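Me: I would like a close look at one part of this protein. Please take me to the ligand and go through its surroundings step by step.

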Amino acid sequence: MTSEKNIHDSSTHTAATIGKVRPHQTQNEGLVFEKSSPGKRGYKLQPLDVPAVDAAALLGKSYRTQSAELPELSEIEIIRHFTRLSTWNYAIDLGMYPLGSCTMKYNPRVNEFVARIEGLAEAHPYRPDSLSQGILDVVELLQRCLLEITGMDAITLQPAAGAHGEFTGILLVRAWHESQGNARRKVLIPDSAHGTNPATAAICGYQVENLKSNALGGIDLEALARQVDEDTAALMLTNPSTLGVFENEIHKIADILHAKGALLYMDGANMNALVGKVRPGDFGVDVMHLNLHKTFSTPHGGGGPGSGPVACKAFLEPFLPTPVLVQGKDGAKHWNYDRPQSVGRVRAFYGNVGMFIRALAYILANGPDGLRQTTEDAVLNANYIRHKLKGLYDLPYQTPSMHEVVFSDKRQAAQGVKTGDIAKRLIDYGFHPYTVSFPLIVHGALMIEPTESESVEELNLFIDAMRAIAKEVEETPELVKSAPHSTRVSRLDEVQAARKPILRWKPAK
Ligand SMILES: *Cc1c(COP(=O)(O)O)cnc(C)c1O
């Protein structure tokens with residue numbers, strides 16, 4: 001049994017006490033999904049006081065002759081059903097979401113307020129440029145801010161996510177090599193990379209060549225020098241890496257690549273560790289993507305819209321997707337489609353404009369000093385967790401951590417407890433799990449990224465929970481192996497849940 005003190009003390013958090021359920025909700029009630037019963041209605045219409053029309057004649061074939069077989073419920077039952085379901089979900093608005101590599105930061109309400117300003121929210125992509133100068137100003141200002149932050153020369157905001165940005169960036173690389181009359185065949189990718197990197201290289205038609213990390217979790221310069229040749233198009237590098245380790249010799253890596261005519265692509269999903277401190281454009285990066293929905297606070301997850309801008313050096317600018325925003329002599333902004341070397345369009349219209357507004361609001365609300373502070377706090381928070389947990393969980397890489405820290409389950413594995421068990425037990429303590437089993441080069445990884453959003457009080461609750469779980473692993477490992485105990489459902493068949501999800505209600509026959 002865990003002591004009450006260790007339990008995340010918030011009424012919105014799930015009670016960690018085993019078997020205890022919230023007073024207003026029995027475990028069974030939660031599990032009965034089918035609530036329809038014949039004849040119930042959620043609405044009441046007044047009797048008709050005008051002549052009835054012949055709907056069948058009016059609608060012809062579109063007239064439905066059979067019932068739609070929708071669930072039959074009263075209004076309050078529907079409201080309670082959906083409200084109850086919403087409370088079973090975890091959210092960043094409920095507590096810490098330490099999902100490493102995902103930068104699950106809080107999305108300030110001011111961003112939402114600005115994104116809903118009518119003139120911005122209602123801007124239609126078919127409205128002529130001359131009547132869209134306000135929203136084009138937003139796009140232009142965001143582009144300028146992101147170029148300043150990254151130290152790059154040109155940018156497109158079109159890609160809809162990080163992986164889509166990678167795809168766009170590698171298309172630029174390919175187009176540039178081809179323009180040099182020199183299509184190359186392979187892309188180098190370190191073994192610590194996010195899975196989207198090799199997928200991107202492959203979908204762009206490249207052979208993926210793996211680069212082994214050294215004992216510090218970084219690139220081995222000698223191995224790199226041996227592997228780069230005249231057939232290497234680019235190295236895709238995440239910096240800081242998915243181990244949360246900053247690549248100190250990044251400029252030398254760039255030099256090695258450039259000497260052989262290869263380019264340096266930076267996966268910028270981890271920019272939360274760099275903004276306001278260093279700029280990829282200054283350390284040799286040729287092209288990179290950003291995840292606005294990570295670093296710049298726009299909502300993230302649940303399949304919602306993302307944004308993965310791609311920034312590049314001037315020599316890659318001619319290849320950027322069409323259209324590109326330009327300013328005429330009269331000062332008016334307009335979209336330029338006349339770009340013969342462009343890789344073409346990668347998305348409808350101009351990208352996820354709502355995300356641009358949120359990101360710009362975030363950047364302007366923080367200002368340069370605020371953004372730098374954000375980076376410092378994110379790194380500080382990760383190192384605080386590292387320091388407080390390092391005696392209890394194995395730390396496979398001693399290299400200093402940036403915005404995230406990667407432990408392994410080596411100590412707990414002796415009791416038969418794996419990283420996934422610890423993550424599930426964390427749910428009982430009221431936290432979203434950290435990232436499990438990634439990066440792949442750490443066996444049994446626990447990848448923790450608190451972001452700057454968390455107060456020291458919240459971090460302490462998380463640390464207390466992780467410590468309590470380490471103790472449970474020693475004393476009552478079965479408790480951890482069978483977790484979670486406080487959720488509506490416990491251990492799911494994760495493969496079936498992902499492969500055969502039941503996503504729609506069907507009437508019982
Ligand atoms: C999240 C992430 C990506 C992919 O971004 P999406 O927006 O999810 O497509 C790529 N690389 C790294 C390192 C990431 O953390």
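How many residues surround the ligand, and which are the closest?

Reply: Keep in mind that this is a predicted model. In it, 13 residues surround the ligand. The closest are Ser101, Gly162, Asp267, His293 and Lys294. Let us sort the shell by class. It has 3 nonpolar residues, 7 polar ones and 3 charged ones.

Now look at individual atoms. Begin with Asp267. One of its polar side-chain atoms lies 2.5 Å from a nitrogen atom of the ligand. Lys294 also uses its side chain. A polar atom there is 2.7 Å from an oxygen atom of the ligand. Ala163 takes part through its backbone instead. A polar backbone atom of Ala163 is 2.8 Å from an oxygen atom of the ligand. How much of the ligand does the protein cover? On its own, the ligand has 380 Å² of accessible area, and the protein covers 87% of this.

Next, place the shell on the chain. Two helices each supply at least two of its residues: α7, spanning 162-179, and α11, spanning 292-295. The top contributor is α7, which gives 3 residues.

Ser101 deserves a second look. It is one of the closest residues to the ligand. It lies in a loop, with α3 (75-87) on one side and α4 (109-115) on the other. Its phi is near 80°, which is a positive value in a residue that is not glycine. Why point this out? Because most residues other than glycine have a negative phi.

Now step back to the whole chain. The domain assignment gives three parts: domain 1 (15-87), domain 2 (109-363) and domain 3 (373-498). Take domain 2 and domain 3. Their centres, taken over C-alpha atoms, are 30 Å apart. Contact between them involves 23 residues of domain 2 and 20 residues of domain 3. Together they bury about 1600 Å², with 59% of it on carbon and sulfur atoms. On the domain 2 side, Thr242, Leu243 and Asn272 lose the most area to domain 3. Those residues together account for 34% of what that side buries.

Finish with the backbone. Most peptide bonds are trans. Two cis bonds are worth finding here. One joins Thr322 and Pro323, with omega about -10°. Pro323 is in the loop between β7 (310-312) and β8 (324-327). Another cis bond joins Phe438 and Pro439, and its omega is about 0°. Pro439 sits in the loop between β11 (435-436) and β12 (445-448).

Conventions. Residues are numbered from 1 along each chain as its sequence is written. This is a predicted model: local features need pLDDT of at least 70, side-chain atom pairs count only at pLDDT 80 or more; totals for chains, interfaces and linings use all residues. Side-chain values use heavy atoms; hydrogens and water are left out. A residue is near a molecule or strand if one of its heavy atoms lies within 4 Å of it. A polar contact is a pair of N or O atoms within 3.5 Å; within protein, one must be able to donate a hydrogen and the other to accept it, and residues adjacent in sequence count only if both atoms are side-chain atoms. Accessible areas come from the Shrake-Rupley method with a 1.4 Å probe; for residues, only the protein chains shown count as cover. Helices (H or I, at least four residues) and strands (E, at least two) are DSSP runs, numbered from the N terminus. Ala, Val, Leu, Ile, Met, Phe, Trp, Tyr, Cys and Pro count as nonpolar, Asp, Glu, Lys and Arg as charged, and the others, Gly among them, as polar. Domain bounds come from an automatic or database domain assignment. Contact means heavy atoms within 4.5 Å. Buried area is the accessible area (1.4 Å probe) that two parts lose on being put together, summed over both.
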